[in-house]
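Grab a pencil and work through the exercises below with the model open beside you. Each task comes with a worked solution.

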Amino acid sequence: MTVRTVLQQADITRALTRISHEILESNRGVSDLVILGIPTRGVALARRIAETIERIEPGTGESIVGSLDVTMYRDDLSRNPTRAPSPTSLPGPIDGKTVVLVDDVLFSGRTIRAALDALSDLGRPRVVRLAVLVDRGHRELPIRADFVGKNLPSAASERINVRLTEVDGDEYVTIDSP
Ligand code: 5GP
Ligand code: MG
């Protein structure tokens, strides 16, 4: 197997800082913003983006970050029945809010489709945006990211290995080729 490092810790930090600025710019500030991470690593990324946003533009002091479990909304649930759900936790009502979904890797788009389904059971945001650390291509649905850390065109046989301090104890992104 060939392992190629594509992002080091400093690159990840820089990308998340840029994305935080881009979110603030497109939302014209922090008002009505809700940042929702998709477990597992999306939640760690969402927390960092929310912290950065609150550092750049201190809001009301109320939390803007949460997590959105999409397990029960997946269209491949019958193929992967053992996947354990993780909790959904919202910082408050999402009606009328700008919701930014956050995930580590965007691939087929099916996880985000499931996330949109899960969201619509929780309320009606004004807009929903998508932020991902890595877009590796291979979409199977008409879904795109609004905020991208790094575009990494990949072969279907490759795997993007995302390691984050909070989850893995170390931090980098590699492309692993068989
Ligand atoms: P999709 O649903 O778009 O096919 O895949 C995205 C979801 O699967 C994300 O939650 C992501 O964590 C995971 N995923 C898909 N492909 C990869 C990959 O190459 N590397 C990693 N780390 N996660 C992936
Ligand atoms: Mg995931």
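In which loop is histidine 138 found? Before solving that, some ground rules: this is a predicted model, where local features need pLDDT of at least 70, side-chain atom pairs count only at pLDDT 80 or more, and totals for chains, interfaces and linings use all residues. Residues are numbered from 1 along each chain as its sequence is written, chains are lettered from A and ligands numbered from 1 in the order in which they are written, and side-chain values use heavy atoms, with hydrogens and water left out.

**Exercise 1. Place histidine 138 and describe its backbone.**

Step 1: Histidine 138 is in the loop between β5 and β6 (147-151); strands here are DSSP runs of E with at least two residues, helices are runs of H or I with at least four, and both are numbered from the N terminus.
Step 2: Look at phi: for histidine 138 the angle is positive, about 70°, although the residue is not a glycine.
Step 3: Histidine 138 is partly exposed, at a relative accessible area of 34%. The scale goes: buried under 20%, exposed over 50%, partly exposed in between (1.4 Å probe, protein chains only).

**Exercise 2. Work out how β2 sits in the sheet.**

Step 1: Check burial. 5 of the 5 residues of β2 (residues 33-37) are buried, so the strand is largely enclosed by the rest of the structure.
Step 2: Sort the directions. Leu33, Ile35 and Gly37 point one way, while Val34 and Leu36 point the other way. That fits a general rule: in a regular strand the side chains alternate between the two faces of the sheet.
Step 3: Find the partners (a pair needs at least two DSSP bridges). β2 runs parallel to β4 (residues 98-106), joined by 5 bridges, and valine 34 has valine 99 as its bridge partner there. β2 also pairs in the parallel sense with β3 (residues 65-67), over 3 bridges, with isoleucine 35 opposite valine 65.

**Exercise 3. Find polar atoms of the protein beside ligand 1.**

Step 1: Start with side chains. An N or O atom of the serine 108 side chain is 2.5 Å from an oxygen atom of ligand 1, and one in the arginine 136 side chain is 2.9 Å from a ligand oxygen.
Step 2: Add the backbone. Glycine 109 has a backbone N or O atom 2.7 Å from an oxygen atom of ligand 1.

**Exercise 4. Locate the cis peptide bond.**

Step 1: Look for omega of about 5°: the bond joins proline 39 and threonine 40.
Step 2: Threonine 40 lies in the loop between β2 and α2.

Note on methods
A polar contact is a pair of N or O atoms within 3.5 Å; within protein, one must be able to donate a hydrogen and the other to accept it, and residues adjacent in sequence count only if both atoms are side-chain atoms.
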